[in-house]
Amino acid sequence: GASSASLGASVGTSAGAPPSFYNEVYVYLLEVMHQTINELFARPALGPAYAVAEENHPGLRWKRLADEAEEMGHLELAAKYHQERLVALPPEGEASPEEAPTVWYEYGAFALRARD
């Protein structure tokens, strides 16, 4: 049709391009599509800075473990990790004023999602 002829003309081939050309274009477009989808849904890589932060703040590790357990459908384990995170909160004088309410809020949001 007209669209295949215009495609062939736009890439510098004739309207009677060999089928291998279309196969190559199809494979290329599929690869680009898969790469784009993977980039859209990929989690950001946790770099070395995050590992250091986890060592200095055990609550981050419990949060990551709780999130992973929830994603895997292990809700009891996720609840345990959220509870460990609450226990790991620093004493009131040492914690930032926003930290405890944030941890409790995230645990409450998990409990609502898990219907616990």
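His-82 lies in helix 5 of this model, which is a predicted one. With a relative accessible area of 2%, His-82 is buried, because the limit for that class is under 20%. Once its neighbours within four places in sequence are set aside, the residues in contact with His-82 are Ala-66, Glu-106, Tyr-107 and Phe-110. Two of these partners, Glu-106 and Tyr-107, lead onward to other parts of the structure and are taken up below.

The setting of this histidine is a protein whose secondary structure consists of 6 helices and 0 strands. Read from the N terminus, the order of elements is α-α-α-α-α-α. The protein has 116 residues, and 21% of them are buried. Its accessible surface amounts to about 8700 Å², with 61% of that area belonging to carbon and sulfur atoms. When contacts between residues at least 6 apart in sequence are considered, 32% of them join residues at least 24 apart.

Helix 5 spans residues 75-87 and also carries Arg-85. This arginine has a relative accessibility of 9% and therefore counts as buried. Apart from neighbours within four places in sequence, Arg-85 is in contact with Gly-59, Trp-62, Lys-63, Val-103 and Glu-106. With the last of these, Glu-106, Arg-85 forms a salt bridge in which the closest N and O atoms are 2.4 Å apart. This pair links distant parts of the chain, since Glu-106 belongs to helix 6 and Arg-85 to helix 5, at a separation of 21 residues. The two partners fall into separate accessibility classes: Glu-106 is partly exposed, with a relative accessible area of 22%, whereas Arg-85 is buried at 9%. Glu-106 thus appears among the contacts of His-82 and also among those of Arg-85.

The salt bridge just described belongs to a set of 4 in the structure. Side chains of opposite charge can pair when their charged atoms come close. A further case is formed by the side chains of Glu-70 and Arg-113, with an N to O distance of 2.6 Å. Here too distant parts of the chain are linked: Glu-70 is in helix 4 and Arg-113 in helix 6, 43 residues apart. Glu-70 has a relative accessible area of 19% and is therefore buried, while Arg-113, at 49% relative accessibility, counts as partly exposed. A salt bridge within a single helix is found between the side chains of Lys-63 and Asp-67, at 3.0 Å from N to O. Both residues lie in helix 4 (residues 58-71), and their spacing of 4 residues corresponds to about one turn of the helix. Lys-63 is also one of the residues in contact with Arg-85.

Another arginine is placed against an aromatic ring. Arg-61 lies over the face of Trp-62, at 5.5 Å from the ring centre. Trp-62 is itself among the contacts of Arg-85.

Aromatic residues also pair with one another. A pair of aromatic rings is described by the distance of the centres and the angle of the planes. The structure holds 3 aromatic pairs. One of them joins Trp-104 and Tyr-107: the ring centres are 6.4 Å apart and the planes stand at 70 degrees, so the arrangement is edge-to-face. The two residues are 3 apart in helix 6 (residues 99-114), and about one helical turn therefore separates them. Trp-104 is exposed, with a relative accessible area of 51%, but Tyr-107 counts as buried at 16% relative accessibility. Tyr-107 is also one of the contacts of His-82.

A second histidine occupies another kind of position. His-57 is located in the loop between helix 3 (48-56) and helix 4. Its relative accessibility is 28%, so His-57 counts as partly exposed. The C-alpha atom of His-57 is separated by 8.8 Å from that of Ala-88, a residue 31 places away along the chain.

The last feature concerns the surface. Met-33, Ile-37, Leu-40 and Phe-41 make a nonpolar surface patch of about 450 Å². Ile-37 belongs to helix 2 (residues 19-41). At 37% relative accessibility, Ile-37 counts as partly exposed, and because residues enter a patch with over 30% relative accessible area, that value is consistent with its place there.

Technical notes:
Residues numbered from 1 in each chain as written. Predicted model: local features only at pLDDT ≥ 70, side-chain atom pairs only at ≥ 80, totals over all residues. Heavy atoms only, no water. Patch = residues over 30% accessible without salt bridge, like charges linked within 9 Å, V, L, I, M, F, W, Y side chains within 5 Å. Areas by Shrake-Rupley, 256 points an atom, 1.4 Å probe, with all protein chains shown as cover. Buried < 20%, exposed > 50% of the residue type's maximum accessible area, 1.4 Å probe, protein only. Contact = heavy atoms within 4.5 Å. Phe/Tyr/Trp six-rings, centres within 6.5 Å; stacked < 30°, edge-to-face > 60°. Lys NZ or Arg CZ within 6 Å of the ring centre and 35° of its normal.
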